[in-house]
Amino acid sequence: MTTMNFLEKDQKLSLDKLRNVLVRLEDTIIFALIERAQFKQNEIIYVQGAFPFDNEPDFNGSFLDYFLLETERIHAQVRRYTSPDEYPFNDNLPAPVLPALDFANHLIPNKINVNHHVKSMYLLNILPSLCAPGDDSNHGSSATRDVECLQALSKRIHYGKFIAEAKFQADPEKYTTLIKARDTTALMALLTNELVEERLLRRLRRKAEIYGQEYADESDVDEPAPVPSTSADGAATNGTNPSRKRRRSSTSDGTKRRIDLDMVVRLYKDFVIPLTKKVEVDYLLLRA
Ligand SMILES: O=C(O)C(=O)C[C@]1(C(=O)O)C=C[C@@H](O)C=C1
């Protein structure tokens, strides 16, 4: 699967390659969600000012805000946000300590950053259906996984800029007319490809099903040839271990799931795709 490489300066924007990036990011996002889902909601880490940070007396954000800021500070120093497909959640980050890289410049200058939407979508609409309610004290582990989820979602959604640029280049006349008319409804209709969305949602469900399956160790699986044995009260049994059987059939189809399939599909259908399309329209409006 070939994807875009922004360090190859003469590589042209290709919708197929950009879509391949989105396909790969589906894996990153599903795995990040699975990682977060192992912990409870731990709501306290999202409450502003709930934790005192003695090294930053003026800081009044949440535990997650602190974690995200410190993560982005170090990532900025190693030039993460100089890459055209990486967008930080914080402003005023330190300058890179490494020399600049020479990236291909596919986009027109823009300051589009929808990370405040990404964060509120994640906190309000994803977390409550991703994690069991309650507090299991895994605050650092939860925040670490939150940062990974947020970064992956942000990257995916901001790819909308490149996709919009590729679509514009493929049909500049049609797009220019709508952009000049500021017709956002028609722009949204023109950039929408329902078939691609339907295929994406089907693929996503299947991936979430496969990646979210609990691995059944050999010792969890019934032996093919039952060996006659004796139960604790001395009666002969047919050799199958009832406790093993219970573990295998913990859900209706015999597998355990680490993530709710409907939730993953809903996340994309209601939030990830619409927000990507919003980025596409916002970008196109600057394009005329
Ligand atoms: O693949 C595209 O053409 C995109 O614009 C991306 C995307 C998406 O977010 O996955 C958004 C709009 C289209 O309707 C299809 C898919």
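What follows is a chat about the fold, helix packing, ligand shell and a few single residues of a predicted model.

User: How many helices and strands does the protein have?

Analyst: There are 10 helices and 2 strands in this predicted model. Along the sequence the order is α-α-α-α-α-α-α-α-β-β-α-α.

User: And what share of the residues is buried?

Analyst: 25% of the 288 residues count as buried. On contacts, taking pairs at least 6 apart in sequence, 73% join residues at least 24 apart.

User: Ok, helix packing. At what angle do H2 and H4 pack?

Analyst: About 55 degrees, with the axes 10 Å apart. H2 covers residues 63-77 and H4 covers 139-158.

User: Why do you call that pair oblique?

Analyst: Angles from 35 up to 65 degrees fall outside the parallel and perpendicular classes, so H2 and H4 are oblique to each other. The crossing of H2 past H4 is right-handed.

User: Which residues make that contact?

Analyst: From H2 you have Phe 63, Leu 64, Phe 67, Leu 68 and Thr 71, and from H4 His 139, Ala 143, Asp 146 and Val 147. Sorted by class, that's 6 nonpolar, 2 polar and 1 charged residues.

User: What about H7 and H10, how do they cross?

Analyst: H7 (residues 184-191) and H10 cross at roughly 120 degrees, and their axes come within 10 Å. That pair is oblique too, since 120 degrees lies between the perpendicular range, which ends at 115, and the antiparallel one, which starts over 145. H7 passes H10 in a right-handed crossing.

User: Who meets whom there?

Analyst: On the H7 side it's Thr 184, Leu 187, Met 188 and Leu 191, and they meet Lys 277, Glu 280, Val 281 and Leu 284 of H10. The contact splits into 5 nonpolar, 1 polar and 2 charged residues.

User: Switching to the ligand. Which residues come nearest?

Analyst: Thr 192, Asn 193, Val 196, Ile 273 and Thr 276, out of 13 residues around the ligand.

User: Which helices supply the shell?

Analyst: H1 (15-37), H8 (194-211) and H10 (261-285) each give at least two residues. H10 has the largest share, with 4 residues.

User: And how does the shell divide by class?

Analyst: It has 6 nonpolar, 3 polar and 4 charged residues.

User: I'm looking at Leu 33. Is it buried or exposed?

Analyst: Leu 33 is buried, because 28 other C-beta atoms lie within 10 Å and the cut-off is 20 or more. Leu 33 sits in helix H1.

User: What does Leu 33 touch?

Analyst: Leaving out residues up to four places away in sequence, Leu 33 touches Leu 130, Cys 149, Ile 259 and Val 264. As for Ala 181, that residue is 148 residues from Leu 33 in sequence and 40 Å away in space, C-alpha to C-alpha.

User: Last thing, backbone oddities. What is phi at Arg 79?

Analyst: Phi there is positive, about 65 degrees, although Arg 79 is not a glycine. Arg 79 lies in the loop between H2 and H3. Arg 79 counts as partly exposed because it has 16 C-beta neighbours inside 10 Å.

User: And phi of Ser 137?

Analyst: Positive as well, near 70 degrees, again in a residue other than glycine. Ser 137 is in the loop between H3 and H4.

User: Why does Ser 137 count as exposed?

Analyst: Because Ser 137 has 11 C-beta neighbours inside 10 Å, and 12 or fewer means exposed.

Conventions. Residues numbered from 1 in each chain as written. Predicted model: local features only at pLDDT ≥ 70, side-chain atom pairs only at ≥ 80, totals over all residues. Axes fitted to C-alpha atoms, helices over the stretch in contact; angles between N-to-C directions. Left-handed = near helix turned anticlockwise from the far one by under 90°. Contact = placed C-beta atoms within 7 Å. Nonpolar A, V, L, I, M, F, W, Y, C, P; charged D, E, K, R; others polar. Near = placed C-beta within 6 Å.
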